Amino acid sequence: MLRLGRMRSLASAAAAATAAAVLSLTTVDSGSNGSLGTPPAALRFNALLRRAAGTWSAEAQSLDLRLGGGQLVLRPDAWTSWKLVRATAETPTTKRLVLEPIADPESGITVATSTPLEIPPISCVLFRATPGEPAGEPVVRPYNPISPRYTNGPLTFLVRQYPDGRMSNLLHDMRPGDTIQLKGPFEQYRFVEKDHANQQIVFIAGGTGLTPCLQLIHDLVERQREPEPEKRPSKLTLIFANNTEMEILLREELDEMAASSNGFLDIHYLVREAPLVPGPQLMQGIVSRRYLEERLPPPEQNPLIFVCGPPGMMELVSGPKTKDKKQGQLAGILRDLGYTESHVWKL
Ligand SMILES: Cc1cc2nc3c(=O)[nH]c(=O)nc-3n(C[C@H](O)[C@H](O)[C@H](O)COP(=O)(O)OP(=O)(O)OC[C@H]3O[C@@H](n4cnc5c(N)ncnc54)[C@H](O)[C@@H]3O)c2cc1C
């Protein structure tokens with residue numbers, strides 16, 4: 001996997017190349033007889049992007065690298081159209097969806113894969129669909145991308161299907177080439193690394209509640225390998241609860257990340273139904289006071305604990321967020337164990 005520093009330099013190189021390419025196109029156009037040839041800068045730019053796309057992720061290779069107007073393909077202030085590249089079943093109820101941007105004449109935003117996207121960790125993207133167009137009411141729901149922080153366009157999501165779920169069924173029914181509208185990213189928590197130097201960070205996630213946690217875990221594990229790790233959190237612990245072993249999302253990727261982190265990332269799986277091979281890292285049960293007490297740093301060590309999961313789990317562990325999506329009071333097991341609002345963030 002590519003190191004973050006290298007990603008950053010590729011991102012800024014690509015951004016610089018964008019400016020050069022757009023400038024060069026304008027110059028050639030104004031001086032030409034109307035037929036716009038491909039200027040050398042644009043060729044170099046395409047080559048740079050192709051190289052970057054190939055290195056960043058295999059998913060990026062499917063990108064159509066047309067030059068755009070330099071605008072972002074994902075914006076918090078306007079809907080842009082994205083098309084499904086592929087959908088794969090991750091578990092019996094959850095699909096991995098890979099989407100890429102397409103030109104959108106309605107919003108006037110061109111395909112500008114030339115401007116790399118940054119999805120800050122713990123951010124979500126809004127999805128909008130209008131079933132039964134033109135009569136239907138639009139459905140809007142947030143989802144957390146699990147793509148790397150810096151990407152050249154394709155975004156990957158994990159979406160769980162609910163039996164009566166309007167958006168999740170719509171997304172599970174999408175076929176490659178089908179389109180949907182996206183807006184974002186929107187930060188759910190601003191994580192400033194230097195404010196968490198030497199702090200232990202804990203994630204208590206249930207099901208697809210893993211997705212926002214994964215963004216930050218991935219980013220911090222990558223950064224841990226860079227110089228000056230002493231300015232980073234000292235340790236990450238993920239407690240990941242699911243109904244069955246089969247439903248553990250991205251288990252292979254998570255285990256690989258933990259194995260390559262030199263003890264920086266610790267993962268504990270908890271499943272309701274008896275696992276095939278239980279062990280200290282994979283236990284049967286639900287999150288309980290004793291389970292957390294044995295695995296969490298005590299309040300005196302001042303850890304930061306993120307909680308993200310289905311309503312029942314939130315209720316049990318930290319108490320829910322308020323109706324207007326504010327943090328609300330801390331309740332549940334974490335309060336009983338002596339943690340306060342300053343230790344816990346409900347996602
Ligand atoms: C900030 C944020 C980020 C999110 N990120 C993701 C993500 O990355 N992946 C993902 O799959 N989901 C994510 N969600 C949940 C997602 O936004 C939708 O709520 C979910 O897909 C259900 O929407 P729906 O339209 O299918 O169901 P709705 O039509 O809204 O609900 C229909 C029925 O589905 C059931 N249902 C809906 N949501 C839940 C739930 N959470 N737990 C149990 N039952 C439920 C209920 O029975 C409900 O009555 C996120 C939510 C938030 C707030």
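# Close-up views of the chain

**View A. V271 and its partner Q284, in β12, stand opposite each other.** The model is a predicted one, in which local features need pLDDT of at least 70 and side-chain atom pairs count only at pLDDT 80 or more, while totals for chains, interfaces and linings use all residues. Residues are numbered from 1 along each chain as its sequence is written, and side-chain values use heavy atoms, with hydrogens and water left out. Strand β11 covers residues 265–271 and runs parallel to β12, to which three bridges join it. Here and below, helices (H or I, at least four residues) and strands (E, at least two) are DSSP runs numbered from the N terminus, and two strands pair if DSSP finds at least two bridges between them.

**View B. Six strands form an open sheet with parallel pairing.** Follow the strands across in the order β12-β11-β10-β9-β13-β14. At the edges are β12 (282–284) and β14 (344–346), each of which pairs on one side only. Direction ignored, neighbouring strands of this sheet are turned by 15 degrees against each other on average. Helix α5, made of residues 251–259, packs on the sheet and touches β10 (235–242), β11 and β12. The direction of α5 makes about 150 degrees with that of β11. Axes are lines fitted to C-alpha atoms, for helices over the stretch in contact, with angles running from 0 to 180 degrees between N-to-C directions. Contact means heavy atoms within 4.5 Å.

**View C. Strand β11 also has β10 as a partner.** Seven bridges link β10 and β11, and the two pair in the parallel sense. To find your place, look for L238, which stands opposite I267 in β11. β11 is mostly covered, with six of its seven residues buried. Buried means under 20% relative accessible area, exposed over 50%, and partly exposed in between (1.4 Å probe, protein chains only).

**View D. Strand β13, residues 304–308, is mostly covered.** How many of the five residues in β13 are buried? Five of them are. L304, F306 and C308 point one way from the strand, I305 and V307 point the other way, and all are buried. Strand β9 (residues 200–206) runs parallel to β13, and five bridges join the two. β14 also pairs with β13 in the parallel sense, here over three bridges. I305 is a handy landmark: V202 stands opposite I305, and I305 stands opposite V344 in β14.

**View E. A second view of six strands takes us to an open sheet with antiparallel pairing.** The order to trace here is β5-β4-β8-β1-β2-β7. Its edge strands, β5 and β7, each pair on one side only. Neighbouring strands of this sheet are turned by 40 degrees against each other on average, direction ignored. Within the sheet, β1 (residues 80–89) and β2 run antiparallel and are joined by seven bridges. A good pair to look for is W82 and P101, since W82 stands opposite P101 in β2. Helix α3 packs on the sheet, where α3 touches β2, β4, β5, β7 and β8. The direction of α3 makes about 80 degrees with that of β5.

**View F. Helix α3, residues 166–173, has several buried residues.** Which residues of α3 are buried? They are M167, S168, N169, L171 and H172. What covers these buried residues includes β2 (94–101), β4 (123–129), β5, β7 (155–160) and β8 (179–187).

**View G. UniProt, in an unreviewed entry, lists R141, P142, Y143, L158, M167, S168 and T211 under "binding site".** UniProt positions are given in the numbering used here, feature names are shortened, and annotations may be inferred rather than shown by experiment. Take P142 to begin with: P142 is found in strand β5, residues 139–143. P142 counts as partly exposed because its relative accessible area is 49%. Not counting residues up to four places away in sequence, P142 touches C124, V125 and L126. Now turn to T211, whose place is in helix α4 (residues 210–224). Is T211 buried or exposed? T211 is buried, because its relative accessible area is 5%. Leaving aside neighbours within four places in sequence, T211 is in contact with N144, I146 and L158.

**View H. Stepping back, the chain has eight helices and 14 strands.** Of its 347 residues, 50% are buried. Among contacts between residues at least 6 apart in sequence, 70% join residues at least 24 apart.
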